[in-house]
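Reader: Please take me through one part of this model in detail. I would like to see how its helices pack, residue by residue.

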Amino acid sequence: QLQVRARELEGPIAELEAAIRRTEDSLANFDSADESSRLSGQLGEQRSRLDATMAEWEEVSEQIEAIA
């Protein structure tokens with residue numbers, strides 16, 4: 001069950017990493033101050049979600065290793 005959860009988390013991690021790259025790319029191409037502000041907020045939210053998801057994945061991985 002832990003291994004299933006670890007695999008389930010890998011998809012969202014990859015998606016968040018890709019979303020962060022896209023947002024960073026968008027920020028690199030300045031459009032307007034309002035758009036940059038919006039993208040900065042979005043980037044912060046994406047990074048927070050990635051951090052939380054990675055923390056859960058690491059916790060699950062440690063539990064798997066402890067059992068093995």
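Author: What follows is a close look at the packing of two helices.

The model is predicted. Two packed helices are described by the angle between their axes and the distance between the axes. Take those two values to begin with. Helix H1 covers residues 2–28, and helix H2 covers residues 33–67. Their axes come within 9 Å. They cross at roughly 155°. Angles over 145 degrees count as roughly antiparallel, so H1 is roughly antiparallel to H2. The crossing of the pair is left-handed. What kinds of residue make up the contact of H1 with H2? The contact has 16 nonpolar residues. Nine polar and seven charged residues belong to it as well.

Next, the core. The largest nonpolar core holds five residues in all. They are Ile13, Leu16, Ile20, Leu43 and Leu50. H1 and H2 each supply at least two residues of this core. H1 gives the most, with three.

Start with Ile13, a member of that core. Setting aside neighbours within four places in sequence, Ile13 is in contact with Leu50, Thr53, Met54 and Trp57. Leu50 is a fellow member of the core.

Thr53 is worth a separate look. Thr53 lies in helix H2. Its relative accessible area is 15%, and buried means under 20%, so Thr53 is buried. With residues up to four places away in sequence not counted, Thr53 touches Leu9, Ile13 and Leu16. Of these partners, Ile13 and Leu16 belong to the largest nonpolar core.

That leaves Leu9 among the partners of Thr53. Leu9 is found in helix H1. Leu9 is buried, because its relative accessible area is 4%. Which residues does Leu9 touch, not counting those up to four places away in sequence? They are Thr53, Glu56, Trp57 and Val60. Trp57 is also in contact with Ile13. Leu9 and Glu59 are 50 residues apart in sequence. In space they are 11 Å apart, C-alpha to C-alpha.

Now move along H2 to Leu39. Leu39 lies in this helix. Is Leu39 buried or exposed? Leu39 has a relative accessible area of 6%, so it is buried. Apart from neighbours within four places in sequence, Leu39 is in contact with Thr23, Ser26 and Leu27. Leu39 and Thr53 are 14 residues apart along the chain. Their C-alpha atoms are separated by 21 Å.

Ser36 is found in helix H2 too. Ser36 counts as buried, because its relative accessibility is 18%. Its contacts include Leu27, once neighbours within four places in sequence are left aside. Phe30 is in contact with Ser36 under that condition as well. Leu27 is likewise in contact with Leu39. Thr23, a contact of Leu39, also serves as a distance marker for Ser36. Ser36 and Thr23 are 13 residues apart in sequence. From C-alpha to C-alpha they are 9.9 Å apart in space.

Glu65 provides the contrast. Glu65 lies in helix H2. Its relative accessible area is 61%, and exposed means over 50%, so Glu65 is exposed. Glu65 and Gln46 are 19 residues apart along the chain. A distance of 28 Å separates their C-alpha atoms.

To put the pieces together: H1 and H2 cross at roughly 155° with their axes within 9 Å. Both helices supply residues to the largest nonpolar core. Leu9 of H1 touches Thr53, and Thr53 lies in H2. Leu39 is buried, whereas Glu65 is exposed.

Methods: Residues are numbered from 1 along each chain as its sequence is written. This is a predicted model: local features need pLDDT of at least 70, side-chain atom pairs count only at pLDDT 80 or more; totals for chains, interfaces and linings use all residues. Side-chain values use heavy atoms; hydrogens and water are left out. Axes are lines fitted to C-alpha atoms, for helices over the stretch in contact, and angles run from 0 to 180 degrees between N-to-C directions. Helices (H or I, at least four residues) and strands (E, at least two) are DSSP runs, numbered from the N terminus. Angles under 35 degrees count as roughly parallel, over 145 as roughly antiparallel, 65 to 115 as roughly perpendicular and the rest as oblique. A crossing is left-handed if the near helix is turned anticlockwise from the far one by less than a right angle, and right-handed if clockwise. Ala, Val, Leu, Ile, Met, Phe, Trp, Tyr, Cys and Pro count as nonpolar, Asp, Glu, Lys and Arg as charged, and the others, Gly among them, as polar. A nonpolar core is a set of buried Ala, Val, Leu, Ile, Met, Phe, Trp, Tyr and Cys residues joined through side-chain atoms within 4.5 Å. Buried means under 20% relative accessible area, exposed over 50%, partly exposed in between (1.4 Å probe, protein chains only). Contact means heavy atoms within 4.5 Å.
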